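Reader: I'd like to learn how to read a small fold from its backbone outward. Could you walk me through one?

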Amino acid sequence: MIRKDLVNYQNETHEDNSCPKCKGDLEFNGGSNMETENWYCNDCNSSYLVQVEMVRFWETLEECKL
Ligand SMILES: [Zn+2]
């Protein structure tokens with residue numbers, strides 16, 4: 001639930017996630033730690049680190065009974 005937007009972002013082909021060098025498509029390359037993600041360009045073999053922001057939807061807060 002909390003990560004929904006982040007997951008959607010990773011799956012989307014966003015117009016901003018093109019390679020700054022060759023404008024090729026960047027591929028999500030894992031490494032998400034809630035602060036940064038690794039992206040990779042297959043066209044020119046460059047790796048990129050991008051900062052992400054985790055958003056908490058406190059309005060969805062509900063008690064969790066385990
Ligand atoms: Zn590239």
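## Reading a three-stranded sheet

Author: Happy to, and let's begin with one residue: Asn45 is exposed, because 8 other C-beta atoms lie within 10 Å of its own and a residue with 12 or fewer counts as exposed. Please keep in mind that this is a predicted model.

Reader: Thanks! Where is the place of Asn45?

Author: Asn45 sits in the loop between S2 and S3. These two strands form a hairpin with four residues between them.

Reader: What should I look for in the backbone angles of such a loop?

Author: The general idea first: most residues other than glycine have a negative phi. Now the case here: Asn45 is not a glycine, although its phi is positive, at about 55°.

Reader: Which residue in the loop between helix H1 and S1 should I look at next?

Author: Try Lys23, which is found in that loop, between helix H1 (4-11) and S1. Lys23 is not a glycine and has a positive phi of about 65°. Lys23 is also exposed, because 10 other C-beta atoms fall within 10 Å.

Reader: Let's step back to the whole chain. How many helices and strands does the protein have?

Author: There is one helix, and there are three strands. Going along the sequence, they follow the pattern α-β-β-β.

Reader: How do I read the way strands come together in a sheet?

Author: In general, strands of a sheet pair through backbone hydrogen bonds, either parallel or antiparallel. In this model, three strands make an open sheet in the order S1-S2-S3, and the pairing is antiparallel. Strand S1 (26-28) and strand S3 (46-51) are the edge strands, each pairing on one side only. From one strand to the next, the twist averages 35°.

Reader: How many bridges link S1 and strand S2?

Author: Three bridges link S1 with strand S2 (residues 36-41), in the antiparallel sense. You can trace the register by residue: Leu26 has Cys41 in S2 as its bridge partner, and Glu27 stands opposite Tyr40 in S2.

Reader: And how many bridges join S2 to S3?

Author: S2 and S3 run antiparallel and are joined by six bridges. For a landmark on this side, find Trp39, which stands opposite Tyr48 in S3.

Reader: Is Trp39 buried, exposed or partly exposed?

Author: Trp39, in strand S2, counts as partly exposed because it has 19 C-beta neighbours inside 10 Å, while a residue needs 20 or more to be buried.

Reader: Which residues is Trp39 in contact with, leaving aside its neighbours within four places in sequence?

Author: Trp39 is in contact with Asn17, Leu26, Glu27, Phe28, Asn29, Tyr48 and Val50 once those neighbours are left aside. As for distances, Trp39 and Asp25 are 14 residues apart in sequence, and their C-alpha atoms are 9.7 Å apart in space.

Reader: Asn29 appears in that list. Where does Asn29 lie?

Author: Asn29 lies in the loop between S1 and S2. Asn29 is partly exposed, because 14 other C-beta atoms lie within 10 Å. Setting aside neighbours within four places in sequence, Asn29 is in contact with Asn38, Trp39, Tyr40 and Ser47. Asn29 and Tyr40 are 11 residues apart in sequence, with 6.0 Å between their C-alpha atoms.

Reader: Back to the edge strand S3: how many of its six residues are buried?

Author: The number buried is zero, so S3 lies largely in the open.

Reader: What percentage counts as buried for the protein?

Author: Of the 66 residues of the protein, 5% count as buried.

Reader: How can I describe the sequence range of the contacts?

Author: Take the contacts between residues at least 6 apart in sequence: 18% of them join residues at least 24 apart.

How values were computed
Residues numbered from 1 in each chain as written. Predicted model: local features only at pLDDT ≥ 70, side-chain atom pairs only at ≥ 80, totals over all residues. Pairing = 2+ DSSP bridges. Axes fitted to C-alpha atoms, helices over the stretch in contact; angles between N-to-C directions. Contact = placed C-beta atoms within 7 Å.
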